[in-house]
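Subject: Structure handover

Hello,

I am passing the structure on to you, with notes on what turned up in it. Please open it and read along.

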Amino acid sequence: MDVLPFLVHTIGILVVLDISVYGCTYDHKCNCTLAHGTWYADCSDRGLVRSPKFWPNVTRINLRNQIQTLAESTRNNISLLKEQTNISLNLLNNPLRCDCKTLDFLQWMVKERKLGKIRFPHFRDYACTKSSADRKVLKFTNIEIQIEELIKQCSSYTTLVFIIASLIILFLAVLSAGLIYRVRWKLRYFYYMTKSRYHGYKAVRGDNQSNLKYDAFVSYADEDRQFVLKMISKLGEKNIRLCIHHRDFVPGYDIAENIITAVNKSKKTIIILSPNYIKSSWCMYELHIAKMEEIYSREKENVLFLVFYEAVPADKIPLKIMDVINQKSYIEFPNDEYGNTVFWNRLGEALI
């Protein structure tokens, strides 16, 4: 202690000085006695569940209470004391715990006892339990063996926790990936629509986005371009404005962005259905974007229009297209002179 409110003068040797009223811990929970130059902290029978923090020069500690373990901070505090002199730490009759959470504490006691810097009086008489519900008392007679068993158990427990946590993370990742995959078209659509609205692409979308620039956007596979060229010629005679990707897409912009702009700026989206169309990932993208436009921007107005250019076996048609076929009206290209005339007239009437 730094200051004593009294002085002790003696000719002989000071045998015992009781300064319990001032304490030798930072929270004053122990009786402190100076005997033969040794500071003794008696913290016994005070109902403590954790150890107080001791002042320097304390060399003997009695911690007989309700302590189950010593926290790392407490162990570090005691380790600082032992650097100056040997420490006597009495933990007898505490309800010590022997489990994975206290393994470090048990190993610390055994290690410090072997090094000889910290003495644990009656160490082999210590006892512990594995849990509050377990009444089986484990003596410290063979504590080293019990620690080895605990290391194996805790290692298995840690591995089990790691495996379970990994499986949970994997399950959540797969679930999230599945949900994202399920709504991928919707996410793409909203992403590009938000991007175009807040960053502006006037070169693609036009200055006045409230006006529809085209009567129809034609979604087709490149292999069917000749049919589309014929469509441009026939519908052009009726002053129907068509958006064709190889002609009207603006260079320098993302294909996906051009597609969404074309769908958004057209009254209708014509699907030229053929085996080639089904094989094209970009054609399928255009189909899904048109469905998103129909649902989220046109208040479920009829936007999609199907043209069967070539016959496609039913088992080859994806479910997404089959849903559109079942819900939407469509016309078939007859590929004969008289039928072609009727076909172009019907198509023109549908777009006017």
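Start with the side chains of D215 and K267, which meet in a salt bridge, with 3.5 Å from N to O. This pair links distant parts of the chain, since D215 sits in strand β10 (residues 214–219) and K267 in strand β12 (residues 266–273), 52 residues apart. Keep in mind throughout that the model is predicted.

How exposed or buried are the two partners? D215 has 8% relative accessibility. Buried means under 20%, so D215 counts as buried. K267, at 37%, counts as partly exposed. The two also belong to a network of salt bridges that links D215, R241 and K267.

How many salt bridges does a search of the whole structure find? The search finds six. Another of them joins R124 and E144, whose closest N and O atoms are 3.1 Å apart. R124 lies in the loop between β7 and β8 (127–129) and E144 lies in helix α3, so this pair ties together parts that are 20 residues apart in sequence. Both ends are partly exposed: R124 has 30% relative accessibility, and E144 has a relative accessible area of 24%.

R225 and D222 form a salt bridge too, at 4.0 Å from N to O. R225 is partly exposed at 32%, and D222 is partly exposed at 47%.

D222 comes up again in the second largest pocket, which has a volume of about 200 Å³. Thirteen residues line this pocket, and those closest to its centre are Y220, D222, H245, S280 and W282. Two elements, α8 (255–264) and α10 (281–296), each give two or more residues to the lining. Of these, α10 gives the most, with three residues. By type, the lining divides into seven nonpolar, three polar and three charged residues.

The last item is helix α2. This helix covers residues 103–115, which makes 13 residues, and reaches 18 Å from its first C-alpha to its last, close to the 18 Å expected. Which residues of α2 are buried? They are L103, F105, L106, W108, M109, V110 and E112. What covers them includes α1 (72–82), β5 (87–90), β6 (96–97), β7 (118–119) and α3 (143–182). Helix α3 is also where E144 of the R124 salt bridge lies. After α2 comes G116, whose phi is positive, near 85°.

Regards

Methods:
Residues numbered from 1 in each chain as written. Predicted model: local features only at pLDDT ≥ 70, side-chain atom pairs only at ≥ 80, totals over all residues. Heavy atoms only, no water. Helix = DSSP H or I, 4+ residues; strand = E, 2+ residues; numbered from the N terminus. Expected span 1.5 Å × (residues − 1). Buried < 20%, exposed > 50% of the residue type's maximum accessible area, 1.4 Å probe, protein only. Contact = heavy atoms within 4.5 Å. 1 Å grid on protein atoms, 1.4 Å probe; cavity = no way out; pocket = protein on both sides within 12 Å on 5 of 7 lines; lining within 4 Å. Points joined across faces, edges and corners; volume = space filled by probe spheres on them. Nonpolar A, V, L, I, M, F, W, Y, C, P; charged D, E, K, R; others polar.
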